[in-house]
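Welcome, and please open the structure in your viewer. This tour suggests what to select at each stop and tells you what is there.

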Amino acid sequence: MLNVTGELSGDSWGIFTFLCAALCNLPALPALNCSEELGAGQSIQQTYDLTRYLEHQLRTLAGTYLNYLGPPFNEPDFNPPRLVRAEPRVPSATVDLDLWRGLTDNARLAANYRAYSRLLCYLRVLDGQVGTAELRHRLAHFCASLQGLVLSIGGVMSSLGYPLPAGPAAPPAGPPGAPAAPNDFLKKMDDFWLLKELQTWLWRSAKDFNRLKKKVPPAVVTLRLEARGF
């Protein structure tokens, strides 16, 4: 405390010295760390939101692209059977729902990661083939969003401790070994089914991530002070 002469008393000087020493040592203290549960929850929520956004984007893109293909592909009741080939050109989302739900979270995430990587490959091929600037712009924008989804799924897998599927995150620009459609109509059929399969994948992925975010416990921020001497 200050005495009547305005000087620091012995006790006050000791407190003042302690505070100065503490302030000088603050830079040596590391920042507080948050538990990794927060990152996992945020990653799952962001991936779910991106999946729903892509569903919305695809509705607009599909309408524009089917009009570009022309009749009968842009007719509302057009629903042809899918052609059976020795090697499917696009990954099929057709699978028994009970079987799909019976998979582990890791297996479902890995299947989504691989499927969207391959679907992205085919969409980039389409982007180089369409003849209108508006459609190329829409495809490029959708491809950028889909690339973000692939990276986001990879982030979810990492945050949950799952390894990424073997191979690169994005496949080559052109699918090696995939046979070309023998005529223009079958090529358009391939494009039609690409959009249909993508629609189904996004619909199911949204349900997957909605269930997954409910399974992960609510994020609890656990603060840890890691410093030498404590």
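Begin by selecting the cysteines: the count of disulfides comes to 0 here. Keep in mind throughout that this is a predicted model. Two cysteines deserve a click. Cys121 has a relative accessible area of 4%, under the 20% cut-off, so this residue counts as buried. Cys143 is buried too, at 6% relative accessibility.

**The whole chain**

Now zoom out and switch to a cartoon view. The protein chain has 6 helices and 0 strands, and reading along the sequence gives the pattern α-α-α-α-α-α. Of its 230 residues, 35% count as buried. Show the surface next: about 13700 Å² of the protein chain is accessible, and carbon and sulfur atoms account for 61% of that area. If you display contacts, consider those with a separation of 6 or more: 86% of them join residues 24 or more positions apart.

**A cis peptide bond**

Select Pro71 and Pro72. The peptide bond that runs from Pro71 to Pro72 is cis, and its omega is near 0°. To place Pro72 in the chain, look at the loop between α2 (37–69) and α3 (97–101).

**Glu55 in helix α2**

Move to helix α2, where you will find Glu55. Is Glu55 buried or exposed? Its relative accessible area is 15%, and buried means under 20%, so Glu55 counts as buried. Which residues does Glu55 touch, apart from those up to four places away in sequence? Select Leu202, Trp203 and Ala206 to see these contacts of Glu55.

**The cavity**

Next, look for enclosed space. A search of the whole structure finds 1 cavity of 30 Å³ or more. The largest cavity holds about 70 Å³ of space. To see its lining, select Asp105, Arg108, Leu109, Asn112, Asp208, Phe209 and Leu212. Two elements give two or more residues each to this lining, namely α4 (105–127) and α6 (184–215). Which of the elements gives the most to the lining? That is α4, with 4 residues. Colour the lining by residue type, and you get 3 nonpolar, 1 polar and 3 charged residues.

**Asn106 in helix α4**

Stay with helix α4 and click Asn106, which has its place there. Asn106 has a relative accessible area of 25%; values between the 20% and 50% cut-offs are called partly exposed, so that label applies to Asn106. Leaving out neighbours within four places in sequence, add Met157, Tyr162 and Pro163 to your selection, as Asn106 is in contact with them. You can also draw a distance between the C-alpha atoms of Asn106 and Gly161: they are separated by 9.3 Å, while the two residues are 55 residues apart along the chain.

**His137 in helix α5**

For the last stop, go to helix α5 (residues 133–159) and select His137. Is His137 buried or exposed? At 58% relative accessibility, His137 is over the 50% cut-off and therefore counts as exposed. Finish by drawing a distance from His137 to Asp127, which is 10 residues away along the chain: their C-alpha atoms are separated by 8.4 Å.

Methods:
Residues are numbered from 1 along each chain as its sequence is written. This is a predicted model: local features need pLDDT of at least 70, side-chain atom pairs count only at pLDDT 80 or more; totals for chains, interfaces and linings use all residues. Side-chain values use heavy atoms; hydrogens and water are left out. On a 1 Å grid over the protein atoms alone, a cavity is a set of points where a 1.4 Å probe fits but cannot get out, and a pocket is an open set with protein on both sides within 12 Å along at least five of seven lines; lining residues have an atom within 4 Å of a point. Grid points are joined across faces, edges and corners, and a volume is the space filled by probe spheres set on the points. Ala, Val, Leu, Ile, Met, Phe, Trp, Tyr, Cys and Pro count as nonpolar, Asp, Glu, Lys and Arg as charged, and the others, Gly among them, as polar. Buried means under 20% relative accessible area, exposed over 50%, partly exposed in between (1.4 Å probe, protein chains only). Contact means heavy atoms within 4.5 Å. Accessible areas come from the Shrake-Rupley method with a 1.4 Å probe; for residues, only the protein chains shown count as cover. A disulfide is a pair of cysteine sulfur atoms within 2.5 Å.
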